[in-house]
Amino acid sequence: MKDPDQYKILILTTNISSYPGANTVGQARLQYSPGTSILRVPDPVMFPEEFYLNAFRKGVDGIIVMSSGSDCPYEGAYRRLSARIQRVYKRMKEEGIDPSRLKLTTICTVCKAAFLKEIAEMQQNLRKLEEAAAKA
């Protein structure tokens, strides 16, 4: 069994909302798992479905897409992102990848507690999946 800090978690953050939220975690000198990598992007809608699947194939344990939600400045981007993630969930099932390893959420600029909560929840979820696989 992996230690929760060993899970490779990729977080896609938006420049205008969720990345500033991540930044407040650092400014407050709060910590999160060293296995967590943050990729700051204009908006996660720019990533095709295959990006997520390739990340899992290459060893990423979990992906958290932290978007701006309905506050996204790019018209229609959140709707397209949500639809894309739904298609990725379907493809994950087809490939035998548990869809709970991918999460779409909205994080605001000052949401440091929510940011840390999302990481902790992903770690707990990955632990449960690992335990279930060990029992099987």
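## Helix α2 and its surroundings

In this predicted model, the elements that cover the buried residues of helix α2 include β1, β3, α3 and β4. Helix α2 spans residues 49-57, and its buried residues are Glu49, Tyr52, Leu53, Ala55 and Phe56. Around the helix axis these residues occupy an arc of only 155°, and they therefore lie on the same side of α2.

The helix is followed by Gly59, which has a positive phi near 110°.

## The four-stranded sheet

Strands of a sheet pair through backbone hydrogen bonds, in either a parallel or an antiparallel arrangement. Here, 4 strands make up an open sheet with the order β2-β1-β3-β4, and the pairing is parallel. The edges are taken by β2 and β4; each has a single partner strand, so one side of each has no neighbour in the sheet. From one strand to the next, the twist averages 20°.

The pairing can be followed across the sheet from β2. Strands β1 and β2 run parallel and are joined by 6 bridges, and Ile9 has Thr36 in β2 as its bridge partner. Strands β1 and β3 are also parallel, with 5 bridges; within β3, Ile64 is the bridge partner of Ile11. Strand β4 (residues 102-106) runs parallel to β3, to which 5 bridges join it. In that pair, Thr105 of β4 stands opposite Met66.

## Strand β3 in the interior

Of the 6 residues of β3, 6 are buried, so the strand is largely enclosed by the rest of the structure. The burial applies to both directions in which its residues point: Gly62, Ile64 and Met66 point one way, Ile63, Val65 and Ser67 point the other way, and all are buried.

Two of the residues that point the one way also appear in the pairing described above: Ile64 is the partner of Ile11, and Met66 stands opposite Thr105.

## Helices placed across the sheet

Helix α1 lies across β1, β2 and β3 and runs at about 120° to β1. Helix α3 (residues 77-94) lies across β3 and β4, where it runs at about 160° to β4.

## The buried face of helix α1

Helix α1 comprises residues 18-27, of which Ser18, Gly21, Ala22, Thr24 and Val25 are buried. When the helix is viewed down its axis, the buried residues fall within an arc of 155°, so they line one face of α1. This face packs against three strands and a helix, namely β1 (9-14), β2 (36-41), β3 (62-67) and α4 (112-135). Just after α1, Arg29 adopts a positive phi of about 60°.

## The contact between α1 and α4

Two packed helices are described by the angle between their axes and by the distance between those axes. For α1 and α4, the axes come within 8 Å and cross at roughly 95°. The two helices are therefore roughly perpendicular to each other.

On the α1 side, the contact is made by Gly21, Ala22, Thr24 and Val25, and on the α4 side by Lys112, Phe115 and Leu116. By residue class, the contact consists of 4 nonpolar, 2 polar and 1 charged. The four α1 residues named here, Gly21, Ala22, Thr24 and Val25, are also among the buried residues of that helix.

Methods:
Residues numbered from 1 in each chain as written. Predicted model: local features only at pLDDT ≥ 70, side-chain atom pairs only at ≥ 80, totals over all residues. Heavy atoms only, no water. Buried < 20%, exposed > 50% of the residue type's maximum accessible area, 1.4 Å probe, protein only. Arc of directions from axis to C-beta. Contact = heavy atoms within 4.5 Å. Axes fitted to C-alpha atoms, helices over the stretch in contact; angles between N-to-C directions. Parallel < 35°, antiparallel > 145°, perpendicular 65-115°, else oblique. Nonpolar A, V, L, I, M, F, W, Y, C, P; charged D, E, K, R; others polar. Pairing = 2+ DSSP bridges.
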